[in-house]
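Q: Could you pick one part of this structure and walk me through it up close? After that, I'd like to know how it sits with the rest.

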Amino acid sequence: MLGAERDRAAEQLLACREPLMNAAAGRLQGAPAAQVSPYGRAALARCRVDLGAHIDALAAALRAGGGEELGEHCAFAAVFLEGLGVPRSALGAALDALSESIGEQLDPELSALAQDVLAAGRRRLCDSPLVTPAALAIVPEARLAPGEAASASEALRRSAARIASMSVALSYVRRPGDALAHGARRACCLDDARHHVAQLAAAVDLESPELFSAYADWVRTLLLGLGLDPAELVGHLDALGDVIAITLPEHFAEAPRRYLSAAVDRLTSAYVEPPSFVRPEAALGVFACGYLDALLQGDRRRAMGVIREASEASASIRDIYVHILQPCQYEVGRLWQLHQLSTAEEHYCTAVTQMILSQLYPLVFNADRAGRRLVATAVDGNLHEIGARFVADFFEMAGWDTFYLGASTPAHDVIDEVVHRKADVLAVSAMLGEHLASIGDLVTAVRADDRCRNVVVLVGGQPFCVVHDLWRQLGADGSAPTAEGAVRAAEQLLAARGA
């Protein structure tokens, strides 16, 4: 019976939404400024904008059966507004004005139900800490006033912590049920928001909406694998766009908001699961399937045995890399993204493949020497090193002398190694869009060093497969989607230079 009454109260609230907003706004405008806020009318003007959201949240809380959900809405609304310089007292005044208006306009019994829930939300503003974890309760200041930035991407980066925090708060204001459901996972949502802003800044910097849309699509697949609703991601990106509109100057906000809109369009289209990279009908496909199964079963001896069988069946070392090891490594990444492998299992599979690469080195080194030298590395910040290692091995197969530096190598160390090894080519890999700024910085540093004036710079990794001319924008000499293609690209570039 009480549930039906709550539903009726929610329906009447929504039916009276506009009159309630107008009445509450009138009360706010008529209240003495000092009574509600030392910030005066400016704070109240912002609260007027949010009255409709408070009514919607109250209706949802009534239907949900209590004030807990509205408490989350009010708490995160306070965090969000304080990030804008609006004190908590102004939000309290808005809720009080709304409560009085509800008392006037709703049927008495329904009004009492609504006011009880609203009072519970209002009391939440007195809690300390206001929200948990504590990191979500504080909105950091921007490192530089956004208007002082030279570009939209710089403004995003300098305001990244602030924008991420406010976007999570606004997302929970709009979806307080998610705040309750997420519990300890709220901290992860803040980390995710920081990644979203970093990826967005990279895409804006390179004027590539597709780069961010591809990232959003990748996150959607990850969420589905975790059993989460991608609508949460859509809601968060919408909130992120609204926060950017509020916190950045209009001329800086336009491109990021447009990129976010394109990503939301992608996310609301039909979903297609990424296909498997390992197929039995492909070249050496039976061996690839056997190798993958051994990895997934945690049987490294059998995995090595499959590689040995492929070699005994006359598969070349190059074919073993191209048709077994590489597609299986891609498939391990896909299975992790779909949450069919844990991070520990993905690390194990990668470690086994790295071990096998080491055992295959004597065969890799058998090629006649070409008199060329390569330095290969994963860019500073990129911990995914196996792609760069594949590249180095393919250059070794082509007779090059290679120097593989591993993961996340600082730019100055890379340049010192290029000079010390008298490298003809520098190959650098990036896994995520947020690594691209580091690649750009490294390429710029190489170009500025007279000792590297004749070095060919190749770049590769997932972002370069999404945007095919990205290498040009970063000042590199070329790129290739595969390790084998990188060797061809390097040889063609050196031949064109007459080197």
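A: Let's settle what counts as a helix first: helices are DSSP runs of H or I with at least four residues, numbered from the N terminus. With that in hand, alanine 53 goes into helix 4, residues 41–64, and that's the spot to zoom in on. Bear in mind that this is a predicted model.

Alanine 53 is partly exposed, at a relative accessible area of 33%. Setting aside neighbours within four places in sequence, alanine 53 is in contact with Arg17 and His73. Each of those contacts leads to another helix. Arg17 falls within helix 2, which covers residues 17–30, and His73 falls within helix 5, residues 68–83.

Take helix 2 first. It has 14 residues and reaches 20 Å from first C-alpha to last, close to the 20 Å expected at 1.5 Å a residue. Its buried residues are Leu20, Met21, Ala24, Ala25 and Leu28. Looking down the axis of helix 2, you'd see those buried residues fall within an arc of 130°, so they line one face of the helix. There's a general reason for that kind of spacing: an α-helix has 3.6 residues a turn, so residues three or four places apart point the same way. The face of helix 2 turned away from the buried side carries the exposed residues Gln29 and Gly30. Met21 also gives you a handy distance back to the starting point: alanine 53 and methionine 21 are 32 residues apart in sequence and 9.9 Å apart in space, C-alpha to C-alpha.

Now for the other lead, helix 5. The largest nonpolar core has 113 residues, and Leu13 and Leu237 are those with the most contacts inside it. Helix 5 supplies the largest share of this core, nine residues. As for leucine 237, if you don't count residues up to four places away in sequence, it touches His196, Phe212, Ala216, Leu260, Ala263, Val264 and Leu267. Another core, of 48 residues, lies apart from the largest one, with Leu292, Leu335, Val391 and Ala392 among its members.

Phe76, also in the 68–83 stretch of helix 5, is a good stepping stone to tyrosine 172. That tyrosine is found in helix 9, residues 160–174, and counts as buried at 3% relative accessibility. Beyond four places in sequence, tyrosine 172 is in contact with Phe76, Leu136, Asp178, Ala179, His182, Arg186 and Cys189. For a sense of the span across the chain, the C-alpha atoms of tyrosine 172 and aspartate 299, 127 residues apart along the chain, are separated by 44 Å.

Follow that jump and you come to helix 15, residues 285–296, with 12 residues and a reach of 16 Å, close to the 16 Å expected. Gly285, Ala288, Tyr291, Leu292, Ala294 and Leu295 are its buried residues, and they pack against helix 16 (300–312), helix 17 (317–337) and helix 18 (343–364). Leu292 is one of the residues of the 48-residue core. Just after helix 15, glycine 298 takes a positive phi of about 70°.

Further along the chain you reach the strands. Five of them form an open sheet in the order 2-1-3-4-5, with parallel pairing. Strand 2 (401–404) and strand 5 (478–479) stand at the edges with a single partner each, so one side of each has no neighbour in the sheet. Strand 1 (residues 373–378) is mostly covered, with five of its six residues buried. Strand 1 pairs with strand 2 over four parallel bridges, and arginine 373 stands opposite aspartate 401. At the other edge, two bridges join strand 4 (residues 456–460) to strand 5, with leucine 458 partnered by glycine 478. Helix 21 (residues 436–448) packs on the sheet, touching strand 3 (425–429) and strand 4, and its direction makes about 165° with that of strand 3. Helix 24 (residues 483–496) packs there too, touching strand 3, strand 4 and strand 5, at about 155° to strand 4.

Zoom all the way out and the protein chain comes to 24 helices and five strands. Its C-alpha trace spans about 90 × 50 × 35 Å along the principal axes, and buried residues make up 50% of the 499 residues. Of the contacts between residues at least 6 apart in sequence, 75% join residues at least 24 apart. The pair we began with, alanine 53 and methionine 21, has a separation of 32 residues.

Technical notes. Residues are numbered from 1 along each chain as its sequence is written. This is a predicted model: local features need pLDDT of at least 70, side-chain atom pairs count only at pLDDT 80 or more; totals for chains, interfaces and linings use all residues. Side-chain values use heavy atoms; hydrogens and water are left out. The expected span of a helix is 1.5 Å times one less than its number of residues. Buried means under 20% relative accessible area, exposed over 50%, partly exposed in between (1.4 Å probe, protein chains only). The arc is that of the directions from the helix axis to the C-beta atoms. Two strands pair if DSSP finds at least two bridges between them. Contact means heavy atoms within 4.5 Å. Axes are lines fitted to C-alpha atoms, for helices over the stretch in contact, and angles run from 0 to 180 degrees between N-to-C directions. A nonpolar core is a set of buried Ala, Val, Leu, Ile, Met, Phe, Trp, Tyr and Cys residues joined through side-chain atoms within 4.5 Å.
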